[in-house]
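New to this one? Take a look at the sequence and the fold first, and then come back for a quick tour.

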Amino acid sequence: MAGTEKTTAKVDEVRPYVEGVAKNLVDKLYGPAGLPWGTTLTELEDVCLGIRAVLTEKMLDVALERQAADHPQRPQELGCCPQCQRPVVCDDVEPRLVQTRAGEAEWLEPQAYCRSCRQAFFPSEHVKKCSCTPADRFFP
Ligand SMILES: [Zn+2]
């Protein structure tokens with residue numbers, strides 16, 4: 001459950017800010033008197049779910065885009081081929097579109113290419129597949 005605790009701590013870091021944003025959104029959408037009489041709970045739910053989708057998709061896009069842009073700083077152990085553990089080249093930037101539990105994520109990411117395996121992959125996928133350590137790798 002370490003992952004859950006870490007996620008909760010991250011959420012708690014910004015909880016007061018997000019709660020302030022929620023109040024501002026209610027002000028902006030409905031004014032100081034709040035929800036207009038006659039608005040159904042389903043209509044309010046639809047607006048809340050729509051805003052949640054915009055927020056999560058934007059957070060995914062921005063966080064992944066920034067990580068991809070920071071790829072020269074990627075740790076050395078994440079810069080190898082998941083198949084042969086040899087160093088790879090990352091010259092090409094490709095668009096990524098991934099369906100996540102929180103919505104669709106879209107960003108640009110340098111594509112890694114292994115000359116030995118003649119295979120391209122995205123470094124962000126490497127974390128799941130590769131268990132190599134720096135000592136395991138072969139440096140040509
Ligand atoms: Zn390889």
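What follows is a short briefing, sorted by topic.

Keep in mind that this is a predicted model, with a mean pLDDT of 85 for the protein. Of its residues, 86% reach 70 or more.

**How far to trust it**

- Confidence peaks in helix α2 (residues 41–69), where the mean is 95.
- At the other end of the scale sits helix α3 (residues 123–129), with the lowest mean, 63.
- Over residues 133–140, pLDDT stays under 50, and the model has 12 contacts there beyond four places in sequence.
- Where pLDDT is low, predicted coordinates shouldn't be read in detail.

**The β1–β2 hairpin**

- Strands β1 (89–100) and β2 (103–114) form a hairpin, with 2 residues between them.
- The two strands run antiparallel to each other and pair over 10 bridges.
- If you'd like one pair to find on screen, go to Pro-95, whose bridge partner in β2 is Leu-108.
- How many of the 12 residues of β1 are buried? The number is 0, so β1 lies largely in the open.

**The loop between α2 and β1**

- Leu-78 is found in this loop, and so is Gln-85.
- Leu-78 counts as partly exposed because it has 15 other C-beta atoms within 10 Å, which falls between the 12 or fewer of an exposed residue and the 20 or more of a buried one.
- Gln-85 is partly exposed too, because its count of other C-beta atoms within 10 Å is 19, and being buried takes 20 or more.
- Gln-85 also has a backbone quirk to look out for: its phi is near 65°, a positive value in a residue other than glycine.
- Which distance links Leu-78 to Glu-125? Their C-alpha atoms are separated by 9.8 Å, and the two residues are 47 apart along the chain.

**The loop between β2 and β3**

- Arg-118 has its place in the loop between β2 and β3 (119–121).
- Is Arg-118 buried or exposed? Arg-118 is exposed, because just 7 other C-beta atoms lie within 10 Å, and 12 or fewer is the cut-off for that label.
- Phi of Arg-118 is near 55°, again a positive value in a residue that isn't glycine.

Definitions and conventions
Residues are numbered from 1 along each chain as its sequence is written. This is a predicted model: local features need pLDDT of at least 70, side-chain atom pairs count only at pLDDT 80 or more; totals for chains, interfaces and linings use all residues. pLDDT is the predictor's confidence in each residue, from 0 to 100. Helices (H or I, at least four residues) and strands (E, at least two) are DSSP runs, numbered from the N terminus. Two residues are in contact if their C-beta atoms, placed from the backbone, lie within 7 Å. Two strands pair if DSSP finds at least two bridges between them.
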